[in-house]
Amino acid sequence: ILLDGSASMKAIDVSPSRFLRAKNKVRDIIKGLPEGTEARLLLVTKGVSTLCGLTKERQLLLAALEKAAAADCVSDLREAVDFALNLDGSGRSYPLFFVTDGAALGKEPLSDSERLTVLLVGKDCGNVAITQMNVRRSLIEGSRCQAFARIANFSPIKRSIDLTMTGRDIVVDNRTLELEPGESRQVIFSNLLFPHGKFALKISSHDGPADPLPQDNEMTLYLAPIKDLLVFVDSDLGPFFLRALQALPHVTLANDIDKAQLIVTNKEVSATNARCIFFVSPKGDCAGFKFRGLVSNPQIGLWQRNHPILNGLSLDTLFITEASQFLLPPWALAIVECTRGRPLLALGHNGNNHIIVQSFSPIKSDLPLTADFPLLLANIVAFVRQESEAPARLNGGQMLSYPAAKDKVRLFSPQEKEMNCRFFGGRLRSEPLLTMGQYRLVEEKEERPLYVSFPAKEESDLRRKVINTKGKVAKPTERHQGRVNVSWLFTVLALFLALIEYALWSRGRAVR
């Protein structure tokens, strides 16, 4: 028995909610099972979890069902059904009952298995929702912010939607939006009063039916303040780095290497407390990178365009006359390579510092003549400040990935429970965040909020979809589906055994 626990199941278009209605249907299935029938109960959230293993005890199944709860995440329903159908791997043809609202399925078939019976919950209803939101500092006025949001009307009628934007719990903008049926529109709040802090957008509509899913009517995020960064630049690197870094806001050049948070050099550096060391064309081994000579005229090959350090860069036409060759330590990763696979820009964390190695000098390339050079340094500075790494907001079901040393960072849930996190390669990785609300990220003595919002527009679309499957889709009025189907199987089996017994009895009587 498979129970859908995705975010859309929290909709209240049916009383008391889709999920509680689904639990009632599962309860009917369990109570309708014939005595001695084995059953397993599974929950679909971010993946499939077992609520109760294979058992003949109905009370165990019912007790596990009572503890089930829906999560604020998107679920892959097709993958969940396929997993459940192949769970035993023995080819057994047991029936599978799936109780779901069918949200986020699209047009592809749910399954082609005739063993599947789908029981639907919920109505064909409309919903208005915030499906996207982000905030960035204004490029024109550095002391203010800009917010971008997308509002969707999934209703079959035109809706008038009121929007309220707040910054630091102060209302900074109010407006009304008219949306046609099925329309979504981007909204820009271009002149928010604050450069950082908590921002929240709320929507409401009073010209249609009651909102069946209020969770997607509010989205909150936190934009961290910019921190001043002390940078030490080795004098041997020439004027390029000094001039470009001096132009960046909140960057101070330091004369003392021991106080710097970012070190830019071409020499090996002894133990330091700097967050990041940026090696530029070093002529020998450095921080675990093994020098293996020089290469002439390397051509740009693969590069990770979506990496935070390469955000906005266009390296395809970069010209380099000479570069060093390095063997990477196991904790490092090449993010720019030449056509022969040699790293031109690599990044890693050696347990103490972030290490960036650029294998070519600016003097032996045209990089300083392009806009990519100051942009690369701005990205590195943002990376060291962790601006590009600490998200302003996460969607439900996502994982937090954050640069941190072990035992230096702790994550607390909205219920103030410390969450289990893994540390690997200089990063903290959380479990999927399945509950909306405010989390706390505590790093040594500093603390910052992290907001998890409703997962995605697919879960906000509550309009009834066609469940395309070769199995059976039970009608909404059908009850005790388990008793009908499973009892039918047992009835056929009992008749078959009775016929065999009658045949054996007849044969014995004929012999006598």
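The following paragraphs describe strand pairing, helix burial, salt bridges and selected surface and loop positions in a predicted model. Residues are numbered from 1 along each chain as its sequence is written, and side-chain values use heavy atoms, with hydrogens and water left out. Because the model is predicted, local features need pLDDT of at least 70 and side-chain atom pairs count only at pLDDT 80 or more, whereas totals for chains, interfaces and linings use all residues.

Strand β11 (residues 197-205) takes part in two antiparallel pairings, where strands are DSSP runs (E, at least two residues), helices are DSSP runs (H or I, at least four residues), and both are numbered from the N terminus. Two strands are taken to pair if DSSP finds at least two bridges between them. With strand β8 (residues 159-167), β11 runs antiparallel and is joined by seven bridges, and within this pairing K202 of β11 is the bridge partner of T164. With strand β12 (residues 218-223), β11 pairs in the antiparallel sense over six bridges, and here F199 stands opposite L221 of β12. Five of the six residues of β12 are buried, so that this strand is largely enclosed by the rest of the structure; buried denotes a relative accessible area under 20%, exposed one over 50%, and partly exposed a value in between (1.4 Å probe, protein chains only).

Helix α3 (residues 77-85) has L77, A80, V81, A84 and L85 as its buried residues. These residues lie on the same side of α3, because they cover an arc of only 130° around the axis, the arc being that of the directions from the helix axis to the C-beta atoms. The cover over the buried residues of α3 includes the strands β1 (2-4), β2 (39-45), β3 (47-55), β4 (96-100) and β5 (116-120), with contact defined as heavy atoms within 4.5 Å.

Side chains of opposite charge can pair when their charged atoms come close. The structure holds 18 salt bridges, each defined as a side-chain nitrogen of Lys or Arg within 4 Å of a carboxyl oxygen of Asp or Glu. In one of these, R18 pairs with D101, and the closest N and O atoms are 2.9 Å apart. Since R18 lies in helix α1 (residues 18-31) and D101 in the loop between β4 and β5, the pair ties together parts that are 83 residues apart in sequence. Both R18 and D101 are buried.

A further salt bridge is formed by the side chains of D207 and R159, at 3.3 Å from N to O. D207 lies in the loop between β11 and β12 and R159 in strand β8, so this pair ties together parts that are 48 residues apart in sequence. D207 counts as partly exposed at 38% relative accessibility, whereas R159, at 4%, counts as buried. K198 and D169 also form a salt bridge, with 3.6 Å between the closest N and O atoms; as K198 lies in strand β11 and D169 in the loop between β8 and β9 (170-179), the pair ties together parts that are 29 residues apart in sequence. In this pair K198 counts as partly exposed, at 29% relative accessibility, while D169 counts as exposed, at 63%. Salt bridges that share partners join D13, R18 and D101 into one network.

At the surface, F496, L497, I500 and L504 make a nonpolar patch of about 400 Å². Such patches consist of residues with over 30% relative accessible area and no salt bridge, in which like charges are joined within 9 Å and nonpolar side chains (Val, Leu, Ile, Met, Phe, Trp, Tyr) within 5 Å; accessible areas come from the Shrake-Rupley method with a 1.4 Å probe, and for residues only the protein chains shown count as cover. L497 is found in helix α7 (residues 481-511) and is partly exposed, with a relative accessible area of 49%.

Two loop positions were also examined. E416, in the loop between β25 (409-412) and β26 (421-424), is partly exposed, with a relative accessible area of 48%. The C-alpha atoms of E416 and Y439 are separated by 8.0 Å, the two residues being 23 residues apart along the chain. L248, placed in the loop between α4 (239-246) and β14 (251-253), is buried, with a relative accessible area of 16%. Leaving aside neighbours within four places in sequence, L248 is in contact with L377, A378 and V381. The C-alpha atoms of L248 and F278, which are 30 residues apart along the chain, are separated by 17 Å.
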